[in-house]
Amino acid sequence: MTRALNKTPSPSGPTRTARTARLLIWVLLGLIVAGGLIWYAVFTATEPATAPLPAAADAQLVREDSHRVTSPATEKAQLVEFLDFECESCHAAEPLVQELKQEYGDRITFVHRYFPLPGHRNSGNAALAVEAAAAQGQYEQMAAKLFETQPQWGNKHDSQSAVFRTFAQELGLDLAAYDAAVADEKTRARIRQDVADGTALGVTGTPTFFLNGKKLILNSEEEFRQKLTDAAK
């Protein structure tokens, strides 16, 4: 995706389309963080009724096992993103997030946390697939694969677990280990922990970002970059 917000759009064509899509990100982000879109994310698709969510009083923004997708030699700040792999807003924001990782990843630790939304029938299964891949050191590869292919499997009423397993095969994962991880209650509990933490911290939709512990209310790409620039000093 081009940095369309920094260019003068033509009356029509790809540039205008890209600019419209980029602007839509900020409209959606503003609604999500301000609470205009109220979603309560509970990972319940496959969890047993006897497995309650962790206590809200124990909520943490970043845990020891949280997925850190950058590893700066000297950390100046942390940017935590609660995301849903089936969320169209997360998909739209992903190119920008990748740009920011390249620009600030040497100073800011980018952290991903799961927040599958109940309105997305395969968001829970997608999180399971990514966490199962993470057990084999392929978190970022599977996450990227799901965002890349979201138009293929997103918004489907039937389970896409078989599709995700195909992706695992394409990544060269040990499929027996992958299947075992998907079926393991510990994998579900890991995702429920992220959901519980996010809910307790006021996350109501995705993507939601926290910079150094503060939930961001963002209105533009320039504002996002400036906040990261200031934090990375």
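**Group meeting: the sheet, the cores and a few buried residues**

I will start in the middle of the sheet, with strand S3. Both of its faces are covered: Ile108, Phe110, His112 and Tyr114 are buried on one side, and Thr109, Val111 and Arg113 are buried on the other. Put as a count, 7 of the 7 residues in S3, which spans residues 108–114, are buried. Please keep in mind that this is a predicted model.

Now the overall layout. The chain has 8 helices and 5 strands. Going along the sequence, they come in the pattern α-β-β-α-β-α-α-α-α-α-β-β-α. There are 233 residues, and 48% of them count as buried. If you take the contacts in the chain with a separation of 6 or more, 78% are between residues 24 or more positions apart.

Back to the sheet. What is the order of the strands? It reads S1-S3-S2-S4-S5, in an open sheet of 5 strands with mixed pairing. S1 and S5 are the edge strands, each pairing on one side only. I will go through the pairs in that order.

S1, residues 67–68, runs antiparallel to S3, and 2 bridges join them. Here His67 is opposite His112, and Arg68 is opposite Val111.

On to S2, residues 77–83. S2 and S3 run parallel, and 7 bridges join them. One position to look at is Gln78, which stands opposite Thr109 of S3. The connection between these two strands goes through helix H2, residues 88–104, and S2, H2 and S3 together make a right-handed β-α-β unit.

S2 also pairs with S4, this time in the antiparallel sense, over 4 bridges. Phe82 stands opposite Thr208 in S4. S4 covers residues 208–211, and both of its faces are covered as well: Thr208 and Phe210 are buried on one side, Phe209 and Leu211 on the other.

The last pair is S4 with S5, antiparallel over 2 bridges. Phe210 is opposite Lys215 of S5. The two strands form a hairpin with 2 residues between them, and in that hairpin Asn212 has a positive phi near 50°.

Next, a charged residue inside the sheet. Glu81 lies in strand S2. What does Glu81, a buried residue, have as its nearest side chain of opposite charge? That is Lys101, at 8.5 Å, and Glu81 has no salt bridge. As for what surrounds Glu81, setting aside neighbours within four places in sequence, the contacts are Val97, Val111, His112, Arg113, Pro207, Thr208 and Phe209. Of these, Val111, His112 and Arg113 are among the buried residues of S3 we began with, and Thr208 and Phe209 are among the buried residues of S4.

Now the nonpolar cores. In general, nonpolar side chains in soluble globular proteins tend to be buried together. In this model the largest nonpolar core has 44 residues, and the members touching the most others are Leu79, Phe85, Met142, Leu146 and Phe224. Which helix gives the most to this core? It is H3, residues 123–134, with 8 residues. A second, separate core has 10 residues, including Val62, Val111, Val195 and Val203. Val111 is the residue we met in S3, opposite Arg68.

Let me take Leu146 as an example from the larger group. Beyond neighbours within four places in sequence, Leu146 is in contact with Phe85, Ala126, Val130, Trp153, Phe164 and Phe167.

Two more residues to finish, both in helices. Leu128 is found in H3. Why does Leu128 count as buried? Because its relative accessible area is 2%, and the cut-off for buried is under 20%. Leu128 and Val182 are 54 residues apart in sequence, yet their C-alpha atoms are 5.7 Å apart in space.

The other is Gln150, found in helix H4, residues 139–153. Gln150 has a relative accessible area of 6%, so this residue also counts as buried. Leaving out neighbours within four places in sequence, its contacts are Phe85, Glu86, Cys87, Glu88 and His91. Phe85 appears in the contacts of Leu146 too.

To recap: an open sheet of 5 strands with mixed pairing, a right-handed β-α-β unit made by S2, H2 and S3, and a buried Glu81 without a salt bridge. That is what I have for today.

Definitions and conventions:
Residues numbered from 1 in each chain as written. Predicted model: local features only at pLDDT ≥ 70, side-chain atom pairs only at ≥ 80, totals over all residues. Heavy atoms only, no water. Buried < 20%, exposed > 50% of the residue type's maximum accessible area, 1.4 Å probe, protein only. Pairing = 2+ DSSP bridges. Right-handed = clockwise from strand over helix to strand, strands pointing away. Lys, Arg positive; Asp, Glu negative; His and termini not counted. Salt bridge = Lys/Arg side-chain N within 4 Å of Asp/Glu carboxyl O. Contact = heavy atoms within 4.5 Å. Core = buried A, V, L, I, M, F, W, Y, C linked by side-chain atoms within 4.5 Å.
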